[in-house]
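Please look over the model shown below, after which a series of questions and answers goes through its overall dimensions, a strand pairing and some ring contacts.

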Amino acid sequence: ALGMPFGYAGAELVGLLAWLGTLAAVYGLLRLLFSEKESLLGTWVLGLFVGTTGFPDHVGYNSEHVAVLLLTLGTLGVLRLAKADRVRPWQTALLGLMLGFLPFEKFQAVPMGLVLAAFAAWELGRRRAWGALGALVAGGLLPTVLVVGMLATWGHVDVFLNTYLGHYFRYSLTQDYSGLSAAERFSPWRAARFVFGNWQAVFYLAGQVVALVLGLAMRPRREGTGAAFFWKNTVLSLLLLAVSAYAVLQAGNDFTHYTLLLFVPLLHAVSAVLAGLEPASRRALGALVLLTALGQGVYNTAVRRPASPLLTADADQRLAALVTANSRPGEPVVVWGYADRLHVLARRPMGYRFANTFYVYAAYRGFYEINLAYFLRDVRENRPAVFVDAMVPGLSLLGDARKGHEAFPAVAAWVRRHYRLVGEVEGARVYRRMGN
C-alpha cells in the first residue's frame, strides 16, 4: 500500500522488532516492583522462550506480535500513571492513542484495551485530573474517528460497519465460523487442551500457572510504602490475564497463534503476586518459574529444526512464474482461494481488498451478498491483469474444488467477459486479462 518492496524476511523483521520492544516493556513493568537483577531474570524468562521456540504459529510473523507490543506498552503506561505524582494531558493522550489503535491491529485485543482504558480512567477520575482524562478519551477515539472519516470521504462507511464490525461480531460471537457453543468454547477441557497442547510452550506456561496458584494461596500482601500500588498492579494483572484468556478462547477456533496473547499477562500476574510474598516464598516460586523456563528452552533447542519447504513449493514457483510472465510489475492480481503467498512470490499487489477471497466464498447468512458486491466493485475499479483460481485442495488452505470461481455465477461471468486462460499448474488456473 505504501509502495515499499516487502517479503517474508521483512515480515519476520517486523515480528522480531515487536518482540524486542515487548521485552523492553516487560523489563519496565518488572522494574516497577523489583530490583534490576530480579527484573532482568524475569525478562529473561520470556526472552528465553521467544528465542528458542520453533513452533510455527509462534515464530512466524502474525498480527499478535504487534498487538502484544501495544498491550504491554499500554500496561506499562497505565501503571506508570498510577505510580506518578503528577500526570500531564499529553501523556494520557499518547496512552489513549496507543490503545485506540488496538481495534485496527487485532480486534481480539480490544477487551484488554478496554480494561486498561477503564483502569486509567478510574485512576484519573479518582485524582480529579479531568483534563488528563479528557485527553485520554480523545486519544482513544481519534483512530476510529480518522478511519471512519476517511471512509466517509470515499462514501464507504458501510465497509467499516459490514466488513469490519459486522465480520468480527459474527466471527467472535456467533457460530458462523465455529460450530462450538459458548459452553464448549470455555470448557476447562478445551481451554487446557488448547493452551497447554503445544509441547514447545507447555513447561513454560505450566510452571507459571503453578507459581501463580501457589502464590495466591499464600495470600500476598504489601504494607506501608508501596502498598496501594501493589494492590493496583495485582488487581490489574489478574484482570488482564482473565480477559486475555477470554479473548483467546472466545472465537472457538484452534488457531494456536492466539495463545501469544497469554504469555505477557501470565508473566505479569505471576510477578505481581510474587512481589507480595515473603522473601523465602518469593525465591522458591521464582526458582520454579526460572527452572521450568530453562527446561522449556532446553527442550525447544533440542527439537528445533530448520524450516522445511512447503509441500507446494514447486507448484507455487511455477504458478508465480506464470503470473509474472503475464503481468507487469505493479499490476494487480486476484487470487481466488486462500493462497495469498502467491502475491509475495510473484511480487504483484492485490486487485481485491483482501489477499484471499475467503470472505466471498465462505461468507454466511447475509454477508455473502455484501462481500460479493465488494469483490466485484474492487475488481471493476482495479482491473487486475491476472486472475488465478487456486481453489485446489493442497494449494489453497481449506481448498475445496466445489468452490472454484465457476460456482459463483457473478464471478464466473466477470471472468468469462474479461479474461482468457493462459495456463494451468496442478489444477490451479491462470487467466490473463484480454487486451493486456
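Q: What radius of gyration does the chain have, set against that of a compact globule with 436 residues?
A: The radius of gyration is taken over C-alpha atoms, and the globule rule is 2.2 Å times the number of residues to the power 0.38. With 436 residues, a compact globule would come near 22 Å, and the chain agrees with this at 24 Å.

This is a predicted model, in which local features need pLDDT of at least 70 and side-chain atom pairs count only at pLDDT 80 or more, whereas totals for chains, interfaces and linings use all residues. Residues are numbered from 1 along each chain as its sequence is written, and side-chain values use heavy atoms, with hydrogens and water left out.

Q: What percentage of the 436 residues of the chain count as buried?
A: Buried means under 20% relative accessible area, exposed over 50% and partly exposed in between, with a 1.4 Å probe and protein chains only. Of the 436 residues of the chain, the share that counts as buried is 50%.

Q: Which residue in β2 stands opposite Val333?
A: Helices (H or I, at least four residues) and strands (E, at least two) are DSSP runs, numbered from the N terminus, and two strands pair if DSSP finds at least two bridges between them. Strand β1 (residues 333-336) has Val333 and Val335 pointing one way and Val334 and Trp336 the other way, all of them buried. β1 pairs with strand β2 (residues 386-389) in the parallel sense over 4 bridges, and the residue opposite Val333 is Val386.

Q: How many residues apart in sequence are the parts that the pair of Phe104 and Phe160 ties together?
A: Rings of Phe, Tyr and Trp (its six-membered ring) pair if their centres lie within 6.5 Å, with planes under 30 degrees apart counted as stacked, over 60 as edge-to-face and the rest as tilted. Among the 30 aromatic pairs of the structure, Phe104 and Phe160 form a tilted one, at 6.4 Å centre to centre and 35 degrees between the planes. Phe104 lies in helix α6 (residues 102-105) and Phe160 in helix α9 (residues 157-173), so the parts tied together are apart in sequence by 56 residues.

Q: Is Phe160 buried or exposed?
A: Phe104 is partly exposed, with a relative accessible area of 30%. Phe160 has a relative accessible area of 11%, and therefore counts as buried.
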